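Visitor: I'm new here and would love a close look at the empty spaces shut inside this model. Could you walk me through them and what surrounds them?

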Amino acid sequence: MTTPVEFGPVEFGVDTFGDVTVDAEGNRKSYAQVLRDVVDEAVLADQVGIDYFGVGEHHRDDFAVSAPEVVLAAIAGRTQRIKLGTAVTVLSSDDPVRVFERFATLDAVSNGRAEITLGRGSFTESFPLFGYDLADYEKLFSEKIDLMAHLLTEQPVTWEGTVRPPLANANVFPKTESGRITTWVGVGGSPESVVRAASYGMPLTLAIIGGDPARFAPYVDLYHRALDQVGLERLPVAVHSPGFVADSDQEAADLVWPHSKAMHDRIGRERGWPPMTRAQFDGEIAHGSQYIGAPETVARKIARTVKTLGVQRFDLKYSNGTIPHEHAMRNLELYGAKVIPLVRELLADGN
């Protein structure tokens, strides 16, 4: 029987995919300027007390970040305390040895602030781009996360699989000063992935992008039971959900709506979704997983999710399609300066 672990205070982070944005006149920005804006956003996040900054990996024209470690290294040079990681690293189409090497390097230049979130990714453009067959989707992730688990021990690795050459007593460098890079597994709703995270002793990140967050409570319970079955202590669980903070509920919803609809409908055309209606959007704000509104509104909703699911971190996906950089900066300022302190008060008061 394992003894429950006492975690520290709940952490509050933000995530971005480096969504390609528009300027104040509605003109699409260059990828280069978007990347520079992401670095500036991370600097502000550090300044206003946000705990974690996550950068997603994509290989398509509506997101600028395809090399998150490079972006995070630039951020590391301009920040002091904020943890830096991914949201997510698409392990299936990458090489685990190179992933470890890049993040161990990031850990060094950031003074131990690097984290990894491993996932399959919700888009598949990287598979043909790097020569992988989508028919091997499950096998690629299964074998590569197994190798990654060995690499994270920072000991010599002997490993054999079918998706890359074997390793025989291989040492991988650089080693980290702490001896371990915090590595999460991002899950969108697969029970098998929840159990896999537990089996490797990796913390769990739940990507909740629609519907009532409470419906993910069984996944948290499954994760805890799976940890118990393999004899491991309780590990942290995080939530990643979209949101936006403005000075009033109406301002926040009206600002995000056209950008969110354009992004949803564009992806929907690729996947066969119907166009989003304003009623659906407002419904997600009221009852689902869109954390959009004034600081008090967003804080109460986050506190409710943290308590309902019993999680140790909440990450707000603060970028919203083409919404301009200036609005994203205000969003981050309010989230760090007002929302996070309010959530901490609500959690302490039990309200």
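Guide: Happily! A cavity here is a set of points on a 1 Å grid over the protein atoms alone where a 1.4 Å probe fits but cannot get out, and its lining residues have an atom within 4 Å of a point. Points are joined across faces, edges and corners, and a volume is the space filled by probe spheres set on them. The model is predicted, with local features needing pLDDT of at least 70 and side-chain atom pairs pLDDT 80 or more, while totals for chains, interfaces and linings use all residues. Residues are numbered from 1 along each chain as its sequence is written, and side-chain values use heavy atoms, without hydrogens and water.

By this rule there are three cavities of 30 Å³ or more. The largest holds about 90 Å³ of space. Its lining has 15 residues, and those nearest its centre are Asp19, Thr21, Glu41, Ser319 and Ile323. Helix H1 gives the largest share of this lining, with four residues, and H1 and helix H11 (325-349) each supply at least two. Helices (H or I, at least four residues) and strands (E, at least two) are DSSP runs numbered from the N terminus. Sorted by class, the lining has five nonpolar, seven polar and three charged residues; Asp, Glu, Lys and Arg count as charged, Ala, Val, Leu, Ile, Met, Phe, Trp, Tyr, Cys and Pro as nonpolar, and the others, Gly among them, as polar.

The second largest cavity has a volume of about 60 Å³. Among the residues lining it are Glu57, His58, His59, Val90 and Phe123. Here the classes come to two nonpolar, five polar and two charged residues.

Now for the fold that H1 belongs to. H1 (residues 31-47) joins strands S1 and S2 in a right-handed β-α-β unit; right-handed means that, with the strands pointing away from the viewer, the path from the first strand over the helix to the second runs clockwise. S1 (residues 11-16) pairs with S2 in the parallel sense over four bridges, where pairing takes at least two DSSP bridges. One of the bridge partnerships links Asp15 with Gly54. On its other pairing, S2 runs parallel to S3 (residues 83-86), again with four bridges, and Phe53 is partnered with Leu84. S2 (residues 52-55) is covered on both faces, with Tyr52 and Gly54 buried on one side and Phe53 and Val55 buried on the other; buried means under 20% relative accessible area with a 1.4 Å probe, protein chains only.

How values were computed. Buried < 20%, exposed > 50% of the residue type's maximum accessible area, 1.4 Å probe, protein only. 1 Å grid on protein atoms, 1.4 Å probe; cavity = no way out; pocket = protein on both sides within 12 Å on 5 of 7 lines; lining within 4 Å.
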